[in-house]
Amino acid sequence: MASQVFYRKYRSQSFSDLAGQESVKQTLLNALKTGHISHAYLFCGPRGTGKTSTARIFAKAVNCLTTGGKGEPCNTCEMCLAISEGRAMDIIEIDAASNNSVDEIRTLRERVNVSPAQARYKIYIIDEFHMLSNAASNALLKTLEEPPPHVIFILATTEIHKILPTIMSRCQRFDFHRLSQADITGRLDYIVNAEKLKIEPDAMKMVAKAASGSLRDAENLLEQLVTFYGSDINFRQVQELLGITGDARVKELAKQIFHDDTRTAIKTINSVNSDGLDLRNFKRELVEYLRCLLLVKTGSPEAIDVTAEDMKELKELAEKAPLPKILKVIKLFSQAEVGTENHTVLPFELAIIDSAQKEEAPHQAAQPAPRPMAETTAHSAAPRTVHPVENKPQMARAYTPANPAPVHEKKDMPATAEHKPAPVAHFSALDAGSVCEKLKHDWRSILEHVPVDVKKNHTAVAILRSSGVTPVTFEKDTLTISLRYGYMKDKLEEMENLRVTEKIFSSYMGHNCKVQCILENNHLVKAALKLGAEIVDVEET
Amino acid sequence: MWTIIGHKAAVSLLERGLEKGTISHAYLLVGPAHVGKMKLAVKLAQAVNCESPERPCGQCAACLKIAEGKHADIQVIELEQPAENESAGKTKISVEQIEQILHSVNLPPFEGKHKVFIIDGFENLSIAAANRLLKTLEEPVSQVVFILLTTRENLVPQTIVSRCQRIELAPLPYNEIEEALLTRWHVEPLKARLLARLSAGCLGWAVNMVEDDSLLQQRNDWLDEWLEVLPSDYDKRFVFAAKLVEKFNQNRDVLQQKLDLWLNWWRDVLLVKTGNPETITNVDREETLTQIAGEYNLDEIRAFITRIKTASRQLRMNANPQLVMEVLMLNFPENGKVSSPVR
């Protein structure tokens, strides 16, 4: 095109230009100064943080004729200019994603040995290195380890986890971090001055924030703003472009929700939608507003930064809204799934209706799952979960796997299998029994609310969820679980699974407990037990 | 003349870009299906190649050729149609297709001013293919414009998004579609009102419906089927469930669409129940809606919506379709009319 986009036009040309990445800059400059230049560098980091730019600047710096490769590139000498314009024949930039086969690397290896034509160093910039095939990466290994003295490799990638460890260990690795808002605004300021634009500081901040640490994203956004609104940009225009609504209807909706005015609330959300506003942004703002409400309610209004008028409104609303309801509404709305793929308002409407429901009601209506049979009269009236769900993750974290997980030998089985069919005799048995009842009753919800950090292990949870798995006794912090099938028992007794199971129940109980597994007795044995028989020995069949 | 209905922000962004000569080399158009992404992309292709001062004029040779899809410098890349000896279509845009682009990017335009590559359904690119585009997309030679279209932005790699000017095409407000249907396509008012709402803001869909009457008829038939099953007993429901999944393996979309239709219906019931009848979608059946809303209480309606959503999600996750549908049939909201089959 006649004009280049900002991110190409204003690509950094020297280290001092480069936004952020202080440690990278410093290290490279020092290396240049002392002449300790490595033969292979690996640049990794998220998009738009300066990897390709740094690679090019470094290529210029080592080859610069004015400084003799001892510092910042001068950007005026023949060499620097040639590199900036991309016509230096000794700087070879390779798109590894499109040239990812072994053959390409083999050709590269052959050419590496040819000494540079003009420059001091021949520099290979291999971009998108993660797309190189495994064989191709391996073919490069030897060359990368000991290249000829006139060659420098610079590998750049966004996905460091795809790089072979053998490649990584041969390179000096530099991690590029997401840019801070200050870094981005600094660079944008430069562009704004160069382009003779005017932009409000607040607007600039917003652009930097929306870019989430990627300079290229920020530059793109700025460019859109300039194309759209001309050279004078204010805060409101940025909001408009980003689809941010301004908060009038957010407040209205929050008020309506806490007044249980479902009808008007649904009307509000539909009007937001039909005005073509971005529902995701609306959701974000709503949740943010609810958070403010929560902070006001819990007595830390100084943590939020709003005008006195807004604060008065928040306080009024906070007085009327009970804390559990605020929590519930926040949860409902932050879970509402709205995205670009799904433009319907239905998730919002459902969240509104759910928040108007009385306690418990939506839960039961939404999940008419069959309750475990153990719903005795005493417990059906009791609250469903003894420990609030919110506490579980913390408790799970507090649990240190330091205390050894009990490993059960097959031989121990008979001892632990001393089945107590009716918890009557033991003085604490009644208590233990009721814990079991509770467990049975809450079984499903315990497994549904497994702490996230434990959830990665699906095996244990899947087994616990299977039929014929029930808690039998709970004594001295040891929970005995009976399983119907031998293979399930074996699987659950594996170290890792047992540990996970213990974690799950520890977090439910609120203190550490151990888990034992026993096989469910078959129906004959059960009948015998009922008649008063005792288990004396167990034989594996 | 852009002749695009709605999307004012997007159009004026491009217009001003043309005026100032700051058209970017890569655009990413994001929006639901049938919202007008391709239409806008073609218009942009015309605009950068148009020969008259008012771009795009739609009259000059270049514009006409592009509109007919005959221009040598405009390439549209999409999923390849299955060859005759293959049964299933391709699910990904292949590396080979991208290689072709990379090759022709470096050739100067043949007859126009700019080469334009329109990639439809960018989310269908394989990861390797998308990565191949990265470097070229970042710094292509001059006179090249990439226009990437996608319905599902979260499947597009972030590294790609960051190299493009991202333009979001949101669904249009109902009244704009209604008006467009009335004035441009001369649809009768009642039908226009219904179509505008059914289209969920996607004009292309509404226009398809106008041009093909059978589609609207189909929607009516489907809805009637559901409504017929609603008050009937379990025997009939199970027969219906079996019928629904009969052709599931040949065409998965149909069942999904039927579920969407049903979900939409119950959303309307919910709206009527909560006293917002003016926001409903199925405006032609308001009476039935009101009647049904009267029969069930809010909890039941709310719960049933969750169940339909669950069913639809489970189908996407490859659950056994028959089982899913049967469970849904068992979970129809009860108002005391149907006795349980168990007891």
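## Domains of the two chains

In chain B, the C-alpha centres of domain 1 and domain 2 lie 38 Å apart. The domain assignment places domain 1 of chain B at residues 8-168 and domain 2 of chain B at residues 212-330. The model described here is a predicted one.

For chain A, the domain assignment gives four domains: domain 1 (6-175), domain 2 (181-242), domain 3 (248-361) and domain 4 (391-530). Between domain 2 of chain A and domain 3 of chain A, the distance separating the C-alpha centres is 30 Å.

## The parallel sheet of chain B

Chain B contains an open sheet of 5 strands, arranged in the order β2-β3-β4-β1-β5, and the pairing is parallel. At its edges stand β2 (74-77) and β5 (165-168) of chain B, each of which pairs on one side only. From one strand to the next, the twist of this sheet averages 15°.

The edge strand β2(B) runs parallel to strand β3 (residues 115-119) of chain B, and 4 bridges join the two. Within this pairing, B:Gln75 has B:Phe117 of β3(B) as its bridge partner. Helix α2 (residues 37-49) of chain B lies across four strands of chain B, namely β1 (26-30), β2, β3 and β4 (144-150). The direction of helix α2 of chain B is at about 175° to that of β4(B).

## Helix α12 of chain B

Helix α12 of chain B covers residues 252-273, which makes 22 residues. At 1.5 Å a residue, this helix should span 32 Å; the C-alpha atoms at its ends are 32 Å apart, so the expected span and the end-to-end distance agree. Just after α12(B), B:Gly275 adopts a positive phi of about 85°.

## Contact between chain A and chain B

The contact between the chains draws 44 residues from chain B and 41 residues from chain A. On the side of chain B that touches chain A, at least two residues come from each of the helices α1 (8-20), α5 (127-138), α6 (158-161), α12 and α14 (298-316) of chain B. By residue class, this side of chain B comprises 16 nonpolar, 18 polar and 10 charged residues. Helix α12 of chain B, whose span is discussed above, is thus one of the elements that supply this contact.

## A β-α-β unit in chain A

In chain A, strand β2 (residues 91-95) and strand β3 (residues 122-127) pair in the parallel sense over 5 bridges. A:Ile91 is positioned opposite A:Ile123, which belongs to β3(A). Together with helix α5 (residues 102-112) of chain A, the strands β2(A) and β3(A) make a β-α-β unit that is right-handed.

## The mixed sheet of chain A

A further open sheet in chain A has 3 strands in the order β8-β9-β10, and its pairing is mixed. The edge strands are β8 (470-475) and β10 (514-519) of chain A, each pairing on one side only. The twist of this sheet averages 25° from one strand to the next.

Strand β8(A) pairs with strand β9 (residues 478-483) of chain A in the antiparallel sense, over 5 bridges. In this pair, A:Thr470 stands opposite A:Ser482 of β9(A). Helix α26 (residues 495-509) of chain A lies across β9 and β10 of chain A, and the helix runs at about 115° to β10(A).

Terms used. Residues are numbered from 1 along each chain as its sequence is written. Chains are lettered from A and ligands numbered from 1 in the order in which they are written. This is a predicted model: local features need pLDDT of at least 70, side-chain atom pairs count only at pLDDT 80 or more; totals for chains, interfaces and linings use all residues. The expected span of a helix is 1.5 Å times one less than its number of residues. Domain bounds come from an automatic or database domain assignment. Two strands pair if DSSP finds at least two bridges between them. A crossover is right-handed if, with the strands pointing away from the viewer, the path from the first strand over the helix to the second runs clockwise. Two residues are in contact if their C-beta atoms, placed from the backbone, lie within 7 Å. Ala, Val, Leu, Ile, Met, Phe, Trp, Tyr, Cys and Pro count as nonpolar, Asp, Glu, Lys and Arg as charged, and the others, Gly among them, as polar. Axes are lines fitted to C-alpha atoms, for helices over the stretch in contact, and angles run from 0 to 180 degrees between N-to-C directions.
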